[in-house]
Amino acid sequence: MPPLNVPLMFEPILGNYDAHIRNFIHFLDTRVDCMLIYDGPLDIHQHIRERTLYALSVQHRPTKKILRNVYPIMLGSQIDLAIRHLQVCSFEADIPTVSNASFQEVDIGRGFFIICGFLRHLPYFFTNDSTHTHMVQKKMVRVFTYDALDRVRS
């Protein structure tokens, strides 16, 4: 059996995330005169110690007003690597490519998000039922059942 290639396994997930964030950057740039910025600490450990969110904010160019923590950053994505390795903090047109980035302990969490200082993965945000998504809170389980007409049953 061949060895498990974790970076190769995460390639589709990270590629999908990178494509979505590039589309969002393009939308902000062309439609609403805004840009994505990262205005948090460059040391990821600070997010964990202070139990904060590792996310991008949106800044309106003409007024410089900032809407904070709009887009959570996936660890291992191109935007994450640009922030951690190149210290790029504003993204107006595209994301700089980081080639041959050195491994850091944070890279163990590739494909995860830092939310309230904890590593979270996609099932934390939504269920696997794409037609009926529900936010999931920590230490809480909710079960929803639906009838044939998609009405919630108790």
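Buried means under 20% relative accessible area, exposed means over 50%, and partly exposed lies in between (1.4 Å probe, protein chains only). The model is predicted, so to speak plainly: local features need pLDDT of at least 70, side-chain atom pairs count only at pLDDT 80 or more, and totals for chains, interfaces and linings use all residues. Residues are numbered from 1 along each chain as its sequence is written, and side-chain values use heavy atoms, with hydrogens and water left out.

**Exercise 1. Find Leu4 and decide whether Leu4 is buried or exposed.**

Step 1: Look in the segment before α1, where Leu4 lies. Helices (H or I, at least four residues) and strands (E, at least two) are DSSP runs, numbered from the N terminus.

Step 2: Leu4 has a relative accessible area of 67%, so Leu4 is exposed.

Step 3: Now add the partners: Leu4, Val6 and Met9 make up a nonpolar surface patch with about 300 Å² of accessible area together. Areas come from the Shrake-Rupley method with a 1.4 Å probe, and for residues only the protein chains shown count as cover. Patch members have over 30% relative accessible area and no salt bridge; like charges are joined within 9 Å, nonpolar side chains (Val, Leu, Ile, Met, Phe, Trp, Tyr) within 5 Å. A salt bridge is a side-chain nitrogen of Lys or Arg within 4 Å of a carboxyl oxygen of Asp or Glu.

**Exercise 2. Work out which residues touch the most other members of the largest nonpolar core.**

Step 1: Such a core is a set of buried Ala, Val, Leu, Ile, Met, Phe, Trp, Tyr and Cys residues joined through side-chain atoms within 4.5 Å.

Step 2: This core has 26 residues, and Leu56, Ile79 and Phe91 touch the most other members. Two or more residues each come from α1 (6–31), β1 (34–37), β2 (55–60), α3 (78–86) and β5 (113–115). The most come from α1, with six.

Step 3: Zoom in on Leu56, whose contacts (heavy atoms within 4.5 Å) include Ile21, Tyr38, Ile79 and Phe91, leaving out residues up to four places away in sequence.

**Exercise 3. Compare the settings of Asp33, Arg51 and Arg120.**

Step 1: Asp33 sits in the loop between α1 and β1. Its phi is positive, about 50 degrees, although Asp33 is not a glycine. With a relative accessible area of 34%, Asp33 is partly exposed.

Step 2: Arg51 is in the loop between α2 (44–50) and β2, and has a positive phi near 55 degrees. At 53%, Arg51 is exposed.

Step 3: Arg120 belongs to strand β6 (residues 118–120) and is buried, at 15%.
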